[in-house]
Amino acid sequence: MGYWKSKVLPKIKKVFEKNGNKKAAAEASKSFDDSKEEINKELEEKKTELQPKVLEIYEASSTEIKALVKERHEAGVKKNSTAVTTFLEELAKIDFPGSKPVSDAVSKFGPAYVSAPVVFILEKVSTFLPPEEISVAKEESGAAEKDVVIAEEEKAAEELYEKIEDKQVEEEKAPSTEEAAPRQPA
């Protein structure tokens, strides 16, 4: 009986605790969804007081967080979990509406399980950024994408040009069948 209590039972509890984390994270996300209206109202009330603080935190954050705030997606939240956790903790310090429960949920369950509330908070943070900051970032990302597309098109054009040149060279080198065969007198 001692072996059962010391070895087997703790392993079984671990298995069931993992599923418990998912359920608890889902409940935390659901309760957060219910409070979104209150968070929006609170944000409108405190917007002028929070904007300089949010900008200061945003400017001090890493480039990964800046990219996530501009283009919010769950895969980015999962990929940069430690940066997201620290960013949410900083927002909780300035009493950003909704950041405290999300920060607590992220510290308990991890950003992967509560990514929807994290994306919501990042979306609200983006409203505090000046419009130039967001549009410049979109232009830069759009310009980079255009450069990549142009480079790919140029490369494809060069390859096509080389193929055409190769065919012309092969045609010039290959003797024509008429010239190769001796002519018979008529």
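In this predicted model, the side chain of Ser126 comes to 2.5 Å from the backbone oxygen of Glu123. Ser126 belongs to helix H7. Its relative accessible area is 9%, and because buried residues are those under 20%, Ser126 counts as buried.

Helix H7 also offers a good example of how two helices can meet. The helix spans residues 115-126, and its axis comes within 10 Å of the axis of helix H2, which covers residues 36-60. The two axes cross at roughly 45 degrees, so H2 and H7 are oblique to each other. The crossing of H2 past H7 is right-handed. On the H2 side, the contact is built from Lys36, Ile39, Asn40, Leu43 and Val54, while H7 contributes Phe120, Lys124 and Val125. Sorted by character, the residues of this contact comprise 5 nonpolar, 1 polar and 2 charged.

It helps to step back and view the chain as a whole. The secondary structure of the protein chain amounts to 9 helices and 0 strands. Read from the N terminus, the order of elements is accordingly α-α-α-α-α-α-α-α-α. The chain has 186 residues, of which 26% count as buried. Among contacts in the chain with a separation of 6 or more, 70% join residues that lie 24 or more positions apart.

Methods
Residues numbered from 1 in each chain as written. Predicted model: local features only at pLDDT ≥ 70, side-chain atom pairs only at ≥ 80, totals over all residues. Heavy atoms only, no water. Axes fitted to C-alpha atoms, helices over the stretch in contact; angles between N-to-C directions. Helix = DSSP H or I, 4+ residues; strand = E, 2+ residues; numbered from the N terminus. Parallel < 35°, antiparallel > 145°, perpendicular 65-115°, else oblique. Left-handed = near helix turned anticlockwise from the far one by under 90°. Contact = heavy atoms within 4.5 Å. Nonpolar A, V, L, I, M, F, W, Y, C, P; charged D, E, K, R; others polar. Buried < 20%, exposed > 50% of the residue type's maximum accessible area, 1.4 Å probe, protein only. Polar contact = N/O pair within 3.5 Å; in protein donor to acceptor, adjacent residues only side chain to side chain.
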